[in-house]
Protein chains: 2
Amino acid sequence: MSHVVGLDVGGTKIAAGVLDPEGRVVARMLAPTPAADPPALRSAIVDMVEELRRAHEVDAIGMSAAGFVRVDRRGVMFGPNLDYGVEPIGDALADTLGLPVVVENDGNAAAWAEHRFGAGQGVADQLMVVLGTGVGGGLILDGRVYRGGHGLAAEIGHLGLVPEGIPCPCGRRGCLEQYASGSALERDARARAADGGAPALVEAAGGDAHAVTGRMVTELAKAGDQEAIALVHELAEALALGIATIHAVLHPPLVVIGGGLGSAGEVVLAPLRAALAAALGDVHRGVPEVRGAQLGNDAGLIGAADLARHAPVTR
Amino acid sequence: MSHVVGLDVGGTKIAAGVLDPEGRVVARMLAPTPAADPPALRSAIVDMVEELRRAHEVDAIGMSAAGFVRVDRRGVMFGPNLDYGVEPIGDALADTLGLPVVVENDGNAAAWAEHRFGAGQGVADQLMVVLGTGVGGGLILDGRVYRGGHGLAAEIGHLGLVPEGIPCPCGRRGCLEQYASGSALERDARARAADGGAPALVEAAGGDAHAVTGRMVTELAKAGDQEAIALVHELAEALALGIATIHAVLHPPLVVIGGGLGSAGEVVLAPLRAALAAALGDVHRGVPEVRGAQLGNDAGLIGAADLARHAPVTR
């Protein structure tokens with residue numbers, strides 16, 4: 001087996017890497033994303049792949065994308081931060097580069113990467129939760145990426161947590177990511193700080209409650225600040241309710257937590273495990289194991305590249 | 001291919017049937033369930049199978065059971081209405097009868113039956129909702145029964161619908177079946193009737209608000225009674241929220257509604273479709289199609305028998 005290229009196309013930057021058969025990234029590149037110019041986006045990707053191909057023989061390309069990916073994995077139907085153009089971007093890249101291209105949703109790609117090379121190795125059924133600005137997800141069921149009948153499975157950020165709850169930009173109310181995401185944590189922390197309820201957070205933000213970030217909260221929680229710990233616990237409890245709901249449907253033995261908040265480690269994972277045990281604990285159903293992701297920001301490109309190797313889409 | 005026996009073991013009766021390769025029930029039997037006497041339960045099942053075998057050559061046995069079925073499908077870990085004994089019942093029956101026996105959760109069995117021979121034919125990904133006294137479920141994903149890592153997937157009756165909601169006998173609060181089941185409908189209808197808010201229901205129950213049944217509600221709703229229609233709509237809206245949550249996770253293109261309330265037909269299905277469109281409708285995600293189940297009470301035994309034919313468990 002030779003090498004494959006993985007791409008992680010985000011709203012501000014494109015990360016590209018060459019993956020060897022063991023899942024190691026042996027070369028990488030980074031470039032800004034032409035987010036509103038589809039032809040420029042394609043050119044930027046083509047240039048990166050051509051550059052990487054100079055040093056490595058490449059068999060296929062996998063692209064991880066934030067957004068609704070077509071069920072045939074040839075393009076993106078809708079990306080919240082990025083205009084992919086009308087022609088399926090995978091087809092366009094395949095034509096130009098002469099290689100098979102697989103487009104995969106970023107949560108699915110990350111789930112596959114952790115399953116193959118990271119925290120989820122050896123577990124056939126697992127839920128990946130990507131706790132970033134929003135909440136992404138991916139499902140590995142019976143050892144395969146589960147995409148759903150229309151390709152949009154594992155949109156767990158928009159799982160309905162609270163009927164008539166906080167409005168979500170998706171048009172619904174009470175979605176999980178309004179309660180258990182980086183942006184929810186930041187929103188709640190700023191409100192707590194502005195109310196005078198979190199003096200250490202205000203201090204960390206240089207005196208400006210509106211400058212508090214999610215990272216400040218997790219850092220202060222690690223240092224033992226009670227207000228920061230309370231904010232993280234609230235997030236953990238909301239996330240546990242969402243996972244409990246998924247547990248009722250899919251009963252995954254393993255949940256892998258990734259994204260920026262996941263990488264904060266035990267300060268988030270320990271209260272999540274406790275909240276999940278409280279929400280689910282009973283003798284028959286059991287409680288899924290919770291592990292932190294291992295591949296960090298590389299998960300998207302590693303997973304997409306590996307999927308391209310194992311299940312290429314041909315025109 | 002020859003014939004297989006399907007069993008549907010419930011808390012009060014055991015239904016048994018012989019299934020031909022096209023999924024037709026060509027012989028059937030019914031017997032009372034010895035619910036608290038495991039040896040008597042086994043004897044009753046053995047007697048039924050021996051009787052059916054006299055007229056048909058049988059290759060395997062599939063048993064549909066309400067309860068937590070072991071992931072190896074050899075027995076029942078826990079049945080809410082029935083004592084299966086300590087030894088896995090499938091193994092015990094296999095030893096006595098000399099045939100492979102597959103034990104399957106009743107929701108899974110019904111889902112498989114509808115997928116193979118009923119409302120879900122030709123659709124690879126579908127959710128089955130069994131609206132009975134409680135709410136059962138089954139998942140067909142990529143054309144196969146999805147059981148989850150521990151065998152307890154699709155316990156959708158215990159999906160958390162309302163945080164801090166109505167207590168459920170399962171030990172949690174706010175479970176779907178507290179809002180969208182036959183027992184929830186009956187509870188709400190009796191309360192409405194007792195408050196004087198549903199005179200036609202009280203009349204149908206012979207003047208006793210506490211004798212109102214779910215069936216009276218659906219029958220009166222069919223006849224146009226506004227209070228009954230309102231009760232069914234409330235149930236449909238709660239069920240739609242639960243399905244919307246599952247949609248965020250699995251995005252099934254088809255939902256099949258079975259059980260007693262499902263068999264009430266359009267009086268339940270039409271408001272469910274409307275509520276689901278209201279809960280989910282957006283251009284990208286789509287709304288799953290909702291169909292009524294076609295196999296009625298036979299779904300459990302048909303599905304279990306067909307699973308035994310196609311995926312026998314051998315000791």
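**View 1. Cysteines without disulfides.** In this predicted model, a search of the whole structure turns up 0 disulfides over all chains, a disulfide being a pair of cysteine sulfur atoms within 2.5 Å. The sulfur of A:Cys168 has its closest cysteine sulfur in A:Cys170, 3.8 Å away, which is too far for a bond. A:Cys168 is buried, with a relative accessible area of 7% (buried means under 20% relative accessible area, with a 1.4 Å probe and protein chains only). Over in chain B, B:Cys175 is in no disulfide either, and the nearest cysteine sulfur, that of B:Cys170, lies 3.7 Å away. B:Cys175 is buried too, at 1% relative accessibility.

**View 2. The buried side of helix 6 in chain B.** Helix 6 spans residues 214-222 (helices are DSSP runs of H or I, at least four residues, numbered from the N terminus). Look here for the buried residues B:Gly214, B:Val217, B:Thr218, B:Leu220 and B:Ala221. They cover an arc of only 165 degrees around the axis, so they sit on the same side of the helix; the arc is taken from the directions from the helix axis to the C-beta atoms. Their packing partners in chain B are helix 4 (182-194), helix 5 (199-204), helix 7 (226-250), helix 8 (259-262) and helix 9 (266-280), where contact means heavy atoms within 4.5 Å. After helix 6 comes B:Gly224, with a positive phi near 100 degrees.

**Notes on the views.** Residues are numbered from 1 along each chain as its sequence is written, and chains are lettered from A in the order in which they are written. Local features need pLDDT of at least 70 and side-chain atom pairs count only at pLDDT 80 or more, while totals for chains, interfaces and linings use all residues; side-chain values use heavy atoms, leaving out hydrogens and water.

Terms used
Buried < 20%, exposed > 50% of the residue type's maximum accessible area, 1.4 Å probe, protein only. Helix = DSSP H or I, 4+ residues; strand = E, 2+ residues; numbered from the N terminus.
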